[in-house]
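Here is a short tour for anyone planning to look through this model at the bench. Have the sequence and the 3D view open side by side, and follow along.

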Amino acid sequence: MKTVKFNIAAINRCTEAEGPFKRLAIWFQGCDKRCAGCCNPKMLEFKPVNILNGNELMEIIVEAKTQFDIEGITFLGGEPTLQQGLAELAEAIRA
């Protein structure tokens, strides 16, 4: 997972606003959908913001689990499904 890179707009290590229970929320940068009334227009542009590899992202997730006892992860954006390696990341989180 080390070589997979993710373009991260923001991370909230513990929130109860982005899904049920305590969660870590990851906002990915870049979206091609252009939905009317988008709530994150600053995340639409495809530009590098915070580039993290999969291992770095997993370290943040494990730290949040230890520190805040998070119960889940929420992927937001931009458009998360445009990130290469998202399925691999989700599988690593589940494991």
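Strand E4 is mostly covered, with five of its six residues buried in this predicted model. E4 runs parallel to E2, and the two strands pair over six bridges. One of the pairings to look for joins Arg 23 to its bridge partner in E4, Gly 72.

**The nonpolar cores**

Which residues touch the most other members of the largest nonpolar core? Among its 16 residues, they are Leu 24, Ile 26 and Leu 57. Strand E1 (5-15), strand E2 (23-28), helix H1 (54-68) and helix H2 each give two or more residues to this core. H1 makes the biggest contribution, with five residues. As a general background, nonpolar side chains tend to be buried together in soluble globular proteins.

Ile 26 is a good residue to click on. Leaving aside residues up to four places away in sequence, Ile 26 touches Ile 8, Ala 10, Ile 11, Leu 57, Ile 61, Ile 73, Thr 74, Phe 75 and Leu 76. Apart from this core lies another one, of five residues, including Ala 9, Ala 25, Trp 27 and Met 43.

**A buried charge**

Next, follow E4 (72-77) onward to the loop that leads to helix H2 (86-94), where you will find Glu 79. Glu 79 is buried, yet has no salt bridge. Why not? A salt bridge needs a side-chain nitrogen of Lys or Arg within 4 Å of a carboxyl oxygen, and the nearest side chain of opposite charge, that of Lys 33, is 5.1 Å away. The side chain of Glu 79 does make a polar contact with the side chain of Thr 81, at 2.6 Å. Not counting residues up to four places away in sequence, Glu 79 touches Phe 28, Gly 30, Cys 31 and Lys 33.

**Two unusual backbone angles**

Most residues other than glycine have a negative phi. Two loop residues here have a positive one, as the table shows.

| Residue | Phi | Loop | Relative accessible area |
|---|---|---|---|
| Phe 21 | about 65° | between E1 and E2 | 57% |
| Arg 34 | near 55° | between E2 and strand E3 (50-53) | 49% |

Is Phe 21 buried or exposed? At 57% relative accessible area, Phe 21 is exposed. Arg 34, with 49%, counts as partly exposed, because the cut-off for exposed is over 50%.

Note on methods:
Residues numbered from 1 in each chain as written. Predicted model: local features only at pLDDT ≥ 70, side-chain atom pairs only at ≥ 80, totals over all residues. Heavy atoms only, no water. Helix = DSSP H or I, 4+ residues; strand = E, 2+ residues; numbered from the N terminus. Buried < 20%, exposed > 50% of the residue type's maximum accessible area, 1.4 Å probe, protein only. Lys, Arg positive; Asp, Glu negative; His and termini not counted. Polar contact = N/O pair within 3.5 Å; in protein donor to acceptor, adjacent residues only side chain to side chain. Contact = heavy atoms within 4.5 Å. Core = buried A, V, L, I, M, F, W, Y, C linked by side-chain atoms within 4.5 Å. Pairing = 2+ DSSP bridges.
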